[in-house]
Amino acid sequence: MNITHYFSWDLRPAIIVDMGQFSNAYYLEDGQDDWLEADTQAVLDMFANGSQMTEEEFTKEFGVLGTDLPKLP
């Protein structure tokens, strides 16, 4: 599993993960304890309306995956 993109999407964390033969996108809603899988339209919106971030920017803004944020599914 390799995270290829980090986003701030509508002020919430979102990521795209390379799973080998395919990629999945995930985001967190306010108050959620688990990542939600994004559908194709949501992924397109991440690129169109979200702010792509570096891993460092993402960590500074939202926290560390598995520590401050839930582990990925």
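Me: Happy to look at this predicted model with you! Which residues do ring pairs link into a cluster?

Reply: In this predicted model, some aromatic rings are joined by pairing, and rings pair if their centres lie within 6.5 Å. Linked in this way into a cluster are Tyr6, Phe58 and Phe62.

Me: Nice. How is the pair of Phe58 and Phe62 classed?

Reply: Both residues sit in helix H2, four residues apart, about one turn of the helix. Their rings are 5.2 Å centre to centre, with 55° between the planes. Planes under 30 degrees apart count as stacked and over 60 as edge-to-face, so the remaining class applies to this pair: tilted.

Me: Are Phe58 and Phe62 buried or exposed?

Reply: Both belong to the largest nonpolar core, which has 11 residues. A core of this kind is a set of buried residues, so Phe58 and Phe62 are each buried.

Me: Which elements each supply at least two residues of that core?

Reply: The largest nonpolar core includes Ile15, Val17, Phe58 and Phe62. Each supplying at least two residues of this core are S2 and helix H2 (55–62).

Me: Now the pair of Phe7 and Phe47: why is it edge-to-face?

Reply: Good one to check! The ring centres are 5.0 Å apart, which is within the 6.5 Å needed for a pair. The class then depends on the planes, and over 60 degrees counts as edge-to-face. Phe7 and Phe47 are edge-to-face because their planes stand at 80°.

Me: How many residues apart are Phe7 and Phe47?

Reply: Phe7 is in strand S1, while Phe47 is in helix H1 (residues 40–49). The pair therefore links distant parts of the chain, and the separation is 40 residues.

Me: Is Phe47 buried, exposed or partly exposed?

Reply: Its partner Phe7 is buried, with a relative accessible area of 1%. For Phe47 the relative accessible area is 43%. Buried means under 20% and exposed over 50%, so Phe47 is partly exposed.

Me: And why does Ser8 count as buried?

Reply: Ser8 lies in strand S1 (residues 2–9). Leaving aside neighbours within four places in sequence, Ser8 is in contact with Gly50, Ser51, Met53 and Phe62. The cut-off for buried is under 20%, and Ser8 counts as buried because its relative accessibility is 14%.

Me: Last one: which residues form a nonpolar patch on the surface with Met19?

Reply: Met19 is found in the loop between strand S2 (12–18) and strand S3 (23–27). A patch residue needs over 30% relative accessible area, and Met19 has 31%. With about 330 Å² of accessible area together, the patch joins Met19 with Met1 and Phe22.

How values were computed
Residues are numbered from 1 along each chain as its sequence is written. This is a predicted model: local features need pLDDT of at least 70, side-chain atom pairs count only at pLDDT 80 or more; totals for chains, interfaces and linings use all residues. Side-chain values use heavy atoms; hydrogens and water are left out. Patches are made of residues with over 30% relative accessible area and no salt bridge: like charges are joined within 9 Å, nonpolar side chains (Val, Leu, Ile, Met, Phe, Trp, Tyr) within 5 Å. Accessible areas come from the Shrake-Rupley method with a 1.4 Å probe; for residues, only the protein chains shown count as cover. A salt bridge is a side-chain nitrogen of Lys or Arg within 4 Å of a carboxyl oxygen of Asp or Glu. Buried means under 20% relative accessible area, exposed over 50%, partly exposed in between (1.4 Å probe, protein chains only). A nonpolar core is a set of buried Ala, Val, Leu, Ile, Met, Phe, Trp, Tyr and Cys residues joined through side-chain atoms within 4.5 Å. Contact means heavy atoms within 4.5 Å. Rings of Phe, Tyr and Trp (its six-membered ring) pair if their centres lie within 6.5 Å; planes under 30 degrees apart count as stacked, over 60 as edge-to-face and the rest as tilted.
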